[in-house]
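Let's take a friendly walk through this structure together. Keep the view open as you read, and turn it whenever a new part comes up.

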Amino acid sequence: MSEAVHTLEGWFVHHDFRTIDWSSWKLLSPEDRQAAVDEVLSLAASWKETENQKQGSSGMFTILGHKADLLFLHFRPTLEELIELEATFNKTKFADVTLPSYSYVSVVELSNYVASDNVDPETDPYIQSRLKPIIPDNKNICFYPMNKRREAGQNWYTLSMEERREMMRSHGLIGRKYAGKVTQVISGSVGLDDWEWGVTLFADDPVTFKKLIYEMRFDEVSAKYSEFGTFLVGNKLSEEAFRAYLDVE
Ligand code: VOV
């Protein structure tokens, strides 16, 4: 039997993707539309307050293409908080014109494949900041779920710890070339959602997503042992941009 890698868990994550029923939105009166936007922005202000108190992080994004129009991304210490956030949003006037199009539930994860000894993860500021990530201000976001393969002759889970560690070392070396250009948040979802990990990337230039993911495709762990789900990409929304996005005057 192979040895399971030790993992550290941080904040829970909800990727809440919505489509907008634009016909219904346009049928609302200008006053009702304004009230609906104000209501969401007041929720966004309360999310900012939570972030200021270091009790989570939330962001709003537009998503390009048919898969979704918006993403509400939430990091919180507990699943209960994420459930409450979802219910609160669903009770807004704006939610009446949206439909959930995709969602993903996971928990921020760090594994100790390449961890250094003599570090206490409970107090180390770097590890803590990775386990409890604050959504960066980069313009673009890319999300996709992934699995490690479990096929005869290509089974990640039957490899020895040493083999896996070596491949993750090589994976990390590629990733490090993109330092300063991409921020990655890897969240584990075994037992929480349909895939094994969620990959959330943030960058100012969307071409960076393509270059990083393409380069990783040639790396052994991705080339031989990884399978990917649907990709969603979009832009971070400021409060003003959210208002402008929904403006149909
Ligand atoms: C943007 C750069 C970047 C960097 C620096 C980076 C580094 C690292 C390190 C050092 C480690 C191991 C320790 C830890 O931190 O957990 C990981 C871990 C992981 N990664 Fe990664 N990864 C990146 C980026 C990055 C991407 C783009 C992907 C998607 C893969 C692809 O082909 O599309 C990915 C996946 C993962 C996964 C699924 C895990 C967990 C694997 C497991 O079996 O447990 N990752 N990753």
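Met146 is a residue of strand β5, in what is a predicted model. Is Met146 buried, or is it partly exposed? A residue needs 20 or more other C-beta atoms within 10 Å to count as buried, and 12 or fewer to count as exposed. Met146 has 16 such neighbours, so it is partly exposed. Setting aside residues up to four places away in sequence, Met146 touches Trp195, Glu196, Trp197 and Val199, and also Ser226, Glu227, Phe228 and Gly229. Asp194 is 48 residues from Met146 along the chain, and the two C-alpha atoms are separated by 9.3 Å.

Two of those contacts, Trp197 and Val199, lead us to strand β9, where both of them point the one way together with Leu201 and Ala203. Gly198, Thr200 and Phe202 point the other way. In a regular strand, side chains alternate between the two faces of the sheet. How many of the residues of β9 are buried? Seven of the seven are, so the strand is largely enclosed by the rest of the structure.

Strand β9 has partners to look for as well. It pairs with β5 in the antiparallel sense, over seven bridges, and here Val199 stands opposite Tyr144. Strand β8 also pairs with β9 in the antiparallel sense, again over seven bridges. In that pairing, Val199 of β9 is the bridge partner of Ile186. Val199 therefore makes a good landmark: it is buried, it faces Tyr144, and it is bridged to Ile186.

Next, look for the largest nonpolar core, which has 23 residues. In soluble globular proteins, nonpolar side chains tend to be buried together. Phe61, Ile63, Ala68, Leu70, Leu71 and Leu201 are the members of this core that touch the most other members. Two or more residues come from each of β2 (57-63), β3 (70-76), β5, β9 and α6. Which element gives the most to this core? That is β9, with five residues. Apart from this core lies another one, of 10 residues, among them Phe12, Phe75, Val107 and Leu131.

Leu70 is worth a stop of its own. Leaving aside neighbours within four places in sequence, Leu70 is in contact with Arg18 and Ile20, and with Met60, Phe61, Thr62 and Ile63.

From here we can move on to strand β1, residues 7-20, which pairs with β4 in the antiparallel sense over 12 bridges. Strand β1 also pairs with β3 in the antiparallel sense, over seven bridges. Phe17 shows both pairings: Tyr102 in β4 stands opposite Phe17, while the bridge partner of Phe17 in β3 is Leu71. Leu71 is also one of the core members named above.

Now turn to the ligand. There are 23 residues around it, and Ser111, Gly172, Gly175, Met216 and Ser222 come nearest. Which elements each supply at least two residues of this shell? They are β4 (98-111), β5 (140-148), α5 (161-176), β8 (182-188), β9 (197-203) and α6 (206-217). The largest share comes from α5, with five residues. By kind, the shell divides into 14 nonpolar, seven polar and two charged residues. Strand β9 thus appears both here and in the largest core.

For a contrast, find Val248, in the segment after α8 (239-245). Is Val248 buried or exposed? With 9 C-beta neighbours inside 10 Å, Val248 counts as exposed. Even so, Val248 touches Trp25 and Lys26, not counting residues up to four places away in sequence. Pro30 is 218 residues away along the chain, yet its C-alpha atom and that of Val248 are separated by 8.8 Å.

Finally, step back to see the whole protein. There are eight helices and 11 strands. The radius of gyration is 19 Å, close to the 18 Å that the globule rule gives for 249 residues, so the protein is as compact as a globular protein of that length. Along its principal axes the C-alpha trace spans about 65 × 35 × 30 Å. Buried residues make up 27% of the 249 residues. Of the contacts with a separation of 6 or more, 79% are between residues 24 or more positions apart.

Notes:
Residues are numbered from 1 along each chain as its sequence is written. This is a predicted model: local features need pLDDT of at least 70, side-chain atom pairs count only at pLDDT 80 or more; totals for chains, interfaces and linings use all residues. Helices (H or I, at least four residues) and strands (E, at least two) are DSSP runs, numbered from the N terminus. The radius of gyration is taken over C-alpha atoms; the globule rule is 2.2 Å times the number of residues to the power 0.38. Two residues are in contact if their C-beta atoms, placed from the backbone, lie within 7 Å. A residue is near a molecule or strand if its C-beta atom, placed from the backbone, lies within 6 Å of it. Ala, Val, Leu, Ile, Met, Phe, Trp, Tyr, Cys and Pro count as nonpolar, Asp, Glu, Lys and Arg as charged, and the others, Gly among them, as polar. Two strands pair if DSSP finds at least two bridges between them. A nonpolar core is a set of buried Ala, Val, Leu, Ile, Met, Phe, Trp, Tyr and Cys residues joined through C-beta atoms within 7 Å.
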